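Student: Could you take me through one helix of this structure and show me how it relates to what surrounds it? Please go slowly and keep to what can be checked on the screen.

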Amino acid sequence: MSLPKLSTKEIAGLKQRAHHLHAVVMVGQNGLTDAVVRETDANLTAHELIKVQVAGDDRQERIAVAEALCEAVGALLVQHIGKQLVLWRPKPEEA
């Protein structure tokens, strides 16, 4: 599934919606495990827009985790501030 290209205005709207959210997925010291990917996928399916908390102080490592996680679940990285990631994936169409 390819993600739709979002405009700057749409991304700003998603950031605004995400502001009050709490992280629902935590990426711990073990990094990007299958369990983390499954949990992220389930939360994106349920909520469309989620926050993910990434442990670790290495910024490059957090960016790599963000890119790998987005690729694994087919999501778009809306925002990356410190250890918080905001991911978005449109809800699947109801069959």
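Tutor: A42 is a residue of helix α2, which spans residues 34–47. The model is a predicted one. We can take this helix as the part to examine and follow its links outward.

Begin with A42 itself. Its relative accessibility is 43%, so A42 counts as partly exposed. Now find G82, which is 40 residues away from A42 along the chain. The C-alpha atoms of A42 and G82 are separated by 24 Å. We will come back to G82 when we reach its turn.

The residue before A42 in number is D41, and D41 is also in helix α2. D41 counts as partly exposed because its relative accessibility is 33%. What is the salt-bridge partner of D41? The partner is R89, and the closest N and O atoms of the pair are 2.6 Å apart. This pair links distant parts of the chain, since R89 is in the segment after β4, 48 residues from D41. R89 has a relative accessible area of 8%, so R89 is buried. The bridge therefore joins a partly exposed residue, D41, to a buried one, R89.

Next, look at what the helix lies on. Helix α2 lies across β1, β2 and β4, and runs at about 165° to β1. These strands belong to an open sheet of four strands with mixed pairing, in the order β1-β2-β4-β3. The edge strands are β1, residues 23–27, and β3, each of which pairs on one side only. From one strand to the next, the twist averages 25°. A further helix, α3 (residues 59–73), lies across β1, β2, β3 and β4, at about 160° to β3.

Now go to the loop that follows α2. E48 sits in that loop, between α2 and β2. Most residues other than glycine have a negative phi. E48 has a positive one, near 75°, although E48 is not a glycine. The relative accessibility of E48 is 19%, and the cut-off for buried is under 20%, so E48 counts as buried. E48 also forms a salt bridge, with R17, and the closest N and O atoms are 3.6 Å apart. R17 belongs to helix α1 (residues 8–18) and is 31 residues from E48, so here too distant parts of the chain are linked. R17 is partly exposed, with a relative accessible area of 46%.

Beyond the loop is strand β2, residues 49–54, which contains K51. K51 is buried but has no salt bridge. Its nearest side chain of opposite charge is that of E48, 16 Å away. What lies close to the polar part of the K51 side chain? The backbone oxygen of A18 is 3.3 Å from a polar atom of that side chain. The backbone oxygen of H19 is 3.4 Å from a polar atom of the K51 side chain. Leaving aside residues up to four places away in sequence, K51 touches several others, including L21, H22, V24 and V25. Q84, L85 and V86 are also among the residues K51 touches.

Follow the sheet to its other side. Strand β3 (residues 76–81) and strand β4 (residues 84–88) pair in the antiparallel sense over five bridges. L76 stands opposite W88 in β4, and the bridge partner of L77 in β4 is L87. The two strands form a hairpin with two residues between them. Here is G82 again: it lies in the turn and has a positive phi of about 60°.

K83 lies in the loop between β3 and β4. K83 forms a salt bridge with D57, with the closest N and O atoms 3.0 Å apart. Because D57 is in the loop between β2 and α3, the pair ties together parts that are 26 residues apart in sequence. K83 counts as partly exposed, at 32% relative accessibility, whereas D57, at 68%, counts as exposed.

A search of the whole structure finds three salt bridges. One of them starts on helix α2 itself, at D41, and another uses E48 in the loop between α2 and β2.

Methods:
Residues are numbered from 1 along each chain as its sequence is written. This is a predicted model: local features need pLDDT of at least 70, side-chain atom pairs count only at pLDDT 80 or more; totals for chains, interfaces and linings use all residues. Side-chain values use heavy atoms; hydrogens and water are left out. Buried means under 20% relative accessible area, exposed over 50%, partly exposed in between (1.4 Å probe, protein chains only). Lys and Arg count as positive and Asp and Glu as negative; His and the chain ends are not counted. A salt bridge is a side-chain nitrogen of Lys or Arg within 4 Å of a carboxyl oxygen of Asp or Glu. A polar contact is a pair of N or O atoms within 3.5 Å; within protein, one must be able to donate a hydrogen and the other to accept it, and residues adjacent in sequence count only if both atoms are side-chain atoms. Contact means heavy atoms within 4.5 Å. Two strands pair if DSSP finds at least two bridges between them. Axes are lines fitted to C-alpha atoms, for helices over the stretch in contact, and angles run from 0 to 180 degrees between N-to-C directions.
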